[in-house]
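Work through these exercises with the structure open. Try each task before you read its solution.

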Amino acid sequence: MASPTPPQTVGPFFSIGLPWDDGPEVVARGSDGAIVLRGTVCDGEGAPVPDAIVETWQAPGDGCRGFGRCPTDPEGRWEIVTRKPAAEGGEAPHVAVAVFARGLLDRVPTRVYFGDEAEANAADPLLSSLGPERRETLIAAAEDGGYRFDIHLQGDRETVFFGF
């Protein structure tokens with residue numbers, strides 16, 4: 001009798017089929033209102049994850065396709081050019097994010113909020129439901145024409161991820 005196939009994780013094969021050439025440019029770099037979201041994907045020990053994919057989604061329109069995808073480089077860095085979305089439905093401006101990485105059987109979804117939107121962030125129902133330390137893991141800091149959002153997959157600084 002044959003034994004069952006052992007369970008395995010996905011990858012690191014993300015770079016074969018998931019990225020596309022202009023995936024990191026949700027809007028054209030340098031276009032009106034364009035910002036850069038950038039950061040590093042880190043594992044539970046704080047080491048960079050060089051073979052992850054960061055995917056973003058926001059409402060499309062006004063030259064914004066709404067969807068972006070960027071592989072991390074050898075130092076775990078990623079960068080997506082987009083526009084800051086407007087606040088809608090009582091929620092602060094945010095971009096939905098999903099991370100695909102080695103050791104994960106499924107993507108891990110989260111959100112990126114903007115540090116210079118303090119009033120809107122304070123009123124956001126999701127952010128308000130989190131304690132201050134957990135809330136901070138979802139807030140990107142303004143930096144050089146954009147925002148920095150580091151993603152920690154595990155550990156003391158683990159980013160808040162959502163289950164669906």
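**Exercise 1. Sort the lining of the largest pocket by residue class.**

Solution. The model is a predicted one.
Step 1: Count by class. The lining of the largest pocket has 10 nonpolar, three polar and five charged residues.
Step 2: Check the total. This lining is made of 18 residues.
Step 3: Find the centre. Gln-58, Ala-59, Pro-85, Ala-86 and Glu-88 are the lining residues nearest to it.
Step 4: Add the volume, which is about 300 Å³ for the largest pocket.

**Exercise 2. Describe the second largest pocket and say which strands line it.**

Solution.
Step 1: Start with the volume. The second largest pocket has about 250 Å³.
Step 2: List the residues. There are 14 in the lining, and Ala-96, Val-97, Arg-107, Pro-109 and Thr-110 lie nearest the centre.
Step 3: Place the lining on the fold. Strand E2 (53-57), strand E5 (94-100) and strand E6 (108-114) each give two or more residues to the lining of the second largest pocket.
Step 4: Sort by class. Nine lining residues of this second pocket are nonpolar, two are polar and three are charged.

**Exercise 3. Find the aromatic pair and explain its geometry.**

Solution.
Step 1: Count the pairs. The protein has one aromatic pair.
Step 2: Classify it. The ring centres of Phe-114 and Tyr-147 are 4.8 Å apart and the planes meet at 70°, so the pair is edge-to-face. The cut-off for that label is over 60 degrees.
Step 3: Locate the partners. Phe-114 belongs to strand E6 and Tyr-147 to strand E8 (residues 146-148), so the pair ties together parts 33 residues apart in sequence.
Step 4: Decide whether each partner is buried or exposed. The cut-off for buried is under 20% relative accessible area. Phe-114 has 0%, so Phe-114 is buried. Tyr-147 has 7%, so Tyr-147 is buried too.

**Exercise 4. Summarise the whole protein.**

Solution.
Step 1: Count the elements. The protein has four helices and nine strands.
Step 2: Read their order. Along the sequence the pattern is α-β-β-β-β-β-β-α-α-α-β-β-β.
Step 3: Look at burial. Of the 164 residues, 41% are buried.
Step 4: Look at the contacts. Among those with a separation of 6 or more, 64% join residues 24 or more positions apart.
Step 5: Finish with the surface. The accessible surface comes to about 9,000 Å², and 53% of it belongs to carbon and sulfur atoms.

Notes. Residues are numbered from 1 along each chain as its sequence is written. This is a predicted model: local features need pLDDT of at least 70, side-chain atom pairs count only at pLDDT 80 or more; totals for chains, interfaces and linings use all residues. Side-chain values use heavy atoms; hydrogens and water are left out. Buried means under 20% relative accessible area, exposed over 50%, partly exposed in between (1.4 Å probe, protein chains only). Contact means heavy atoms within 4.5 Å. Accessible areas come from the Shrake-Rupley method with a 1.4 Å probe; for residues, only the protein chains shown count as cover. On a 1 Å grid over the protein atoms alone, a cavity is a set of points where a 1.4 Å probe fits but cannot get out, and a pocket is an open set with protein on both sides within 12 Å along at least five of seven lines; lining residues have an atom within 4 Å of a point. Grid points are joined across faces, edges and corners, and a volume is the space filled by probe spheres set on the points. Ala, Val, Leu, Ile, Met, Phe, Trp, Tyr, Cys and Pro count as nonpolar, Asp, Glu, Lys and Arg as charged, and the others, Gly among them, as polar. Rings of Phe, Tyr and Trp (its six-membered ring) pair if their centres lie within 6.5 Å; planes under 30 degrees apart count as stacked, over 60 as edge-to-face and the rest as tilted.
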